[in-house]
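Thanks for coming, everyone. Please look at the sequence and the structure on the screen, and then we will walk through them together.

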Amino acid sequence: MASVTTTPLDHRMSLRQRLALRGIDGVTLLVLPAVLFLLAVFIYPFIYGLILSFRPKEGGMFANYQKFFSDPFLYDTILTTLWLAVPVTIISIAIALPVAFRVRLMTHQRLLTTILVLPVTLGTVLVAEGLLNYLGPQGWFSRTLMLIGMIDRPVKLTNNYWGVFSSLIITGFPFTFLLTLSYVSGIDPALEQAAATHGARSWQRFRYVMLPLLVPGLAIAFCLSFVQAFAVFPSAVLLGAPAGPTRVISIAAYQAAFEQYDYSMASAIAMIMAVVQLLIVVVILGIRNMFYRGSTAGGKG
């Protein structure tokens, strides 16, 4: 009966009114530029790269993937990148968490936060160049240790794993800290105060009250920080050994594209990077679902 009465009305309505009845109005159309931006910048390049990865120079449809996983010089880059990205992410969160707990109680929180996130403005290349001068064989770090008698010869902290590791910590910590601070600040202090009223000590309040509320947020921070660290490239080239211990997967993709001019192979490596990152994110989010995901009394969590 309703459809019979509304059909004649549809013919008398304007196009704008008919679209509004279906949930498409001026406010909805404001989303259109963002959708077009996503399609142009993210969706189309991904689909194009995926299709290109199945069009190798030689061999069948899966020749690029077979080549990658049959060559240890190529597939070992996955483990090398994970060996950098996972520890860097864990340590960044381990440092950011106590710092965020301390900063949220300070009166000059904005000033300290600005200082802590300052490395973001420098960029990875500038940080890497600075570390070359600071951690190099003739850098301030080794000279200071030799001056006070702790070492007899310069410490080798560049052109190896530790140089890249240090750079990733410096450039990744501000991002991780901001994410962690947002979740820590979003938890109602009354929850911790209530636990203290019942006699819970500081460690017990953290272990049984704060941590369960923080774990879902920390999982998101872990995923975003991991994705950022997994895409390491300038640090691995400037501070590491691109042909040895720090030959990460992004370097393999770069060499395929700009040294071998095999864009199909480079696209395949990029797709493998995406799959590895996605698997890690899915595992972390799966663990996240095992913890509390409810309200934090008006905050995030």
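Let me begin with a question: is Tyr161 buried or exposed? Tyr161 is buried, because its relative accessible area is 14% and the cut-off for buried is under 20%. Keep in mind that this is a predicted model.

Now the overview. The chain has 16 helices and zero strands. It runs to 301 residues, and 37% of them count as buried. Take the contacts with a separation of 6 or more: 71% of them join residues 24 or more positions apart.

Next, the core. The largest nonpolar core holds 61 residues. Which of them touch the most other members? They are Phe68, Phe177, Leu214, Phe230, Ile249 and Ile269. Several helices each supply at least two residues of this core, among them H5 (63-70), H9 (124-135) and H15 (249-258). The largest share comes from H6, with twelve residues.

Look at Phe68 for a moment. Leave aside its neighbours within four places in sequence. Phe68 is then in contact with Leu74, Tyr75, Thr77 and Ile78, and also with Ile249, Met265, Ile269 and Ile272. Two of those names, Ile249 and Ile269, were on the list of core residues a moment ago.

On to helix H11, residues 161-185. H11 is mostly covered, with 18 of its 25 residues buried. How far apart are its end C-alpha atoms? They are 35 Å apart. At 1.5 Å a residue, H11 should span 36 Å, so the two values agree. Even so, H11 bends by about 40 degrees at Gly172. A proline, Pro174, follows within four residues.

Thr176 is found in H11 too. Thr176 counts as buried because its relative accessibility is 1%. Not counting residues up to four places away in sequence, Thr176 touches Ser92, Ile93, Ala96 and Ser225.

Compare that with helix H13, residues 202-230. H13 has 29 residues, and a straight helix at 1.5 Å a residue would reach 42 Å. The end C-alpha atoms of H13 are only 35 Å apart, short of that value. Where does H13 bend? The bend is at Leu211, by about 50 degrees, and Pro212 follows within four residues. While we are on H13, find Arg207. Its charged end sits over the ring of Tyr208, 5.0 Å from the ring centre.

Last topic: aromatic rings. The whole structure has 18 aromatic pairs. One of them is Tyr161 with Trp162. Their ring centres are 5.1 Å apart and their planes are at 90 degrees, so the pair is edge-to-face. Tyr161 is buried, as we said, whereas Trp162 is partly exposed at 48%.

Here is another pair: Phe233 and Tyr254. This one is tilted, with 5.4 Å from centre to centre and 50 degrees between the planes. Phe233 lies in the loop between H13 and H14 (234-238), and Tyr254 lies in H15, so the pair ties together parts that are 21 residues apart in sequence. Phe233 counts as partly exposed, at 26% relative accessibility. Tyr254 is partly exposed as well, at 38%.

One more stop. Which residues join Tyr161 and Trp162 in a cluster linked by ring pairs? They are Trp83 and Phe165. That brings us back to Tyr161, the buried residue from the opening question. Thank you.

Terms used:
Residues are numbered from 1 along each chain as its sequence is written. This is a predicted model: local features need pLDDT of at least 70, side-chain atom pairs count only at pLDDT 80 or more; totals for chains, interfaces and linings use all residues. Side-chain values use heavy atoms; hydrogens and water are left out. A nonpolar core is a set of buried Ala, Val, Leu, Ile, Met, Phe, Trp, Tyr and Cys residues joined through side-chain atoms within 4.5 Å. Buried means under 20% relative accessible area, exposed over 50%, partly exposed in between (1.4 Å probe, protein chains only). Contact means heavy atoms within 4.5 Å. Rings of Phe, Tyr and Trp (its six-membered ring) pair if their centres lie within 6.5 Å; planes under 30 degrees apart count as stacked, over 60 as edge-to-face and the rest as tilted. A charge sits over a ring if NZ of Lys or CZ of Arg is within 6 Å of the ring centre and within 35 degrees of the ring normal. The expected span of a helix is 1.5 Å times one less than its number of residues. The bend at a residue is the angle between axes fitted to the seven residues ending there and the seven starting there.
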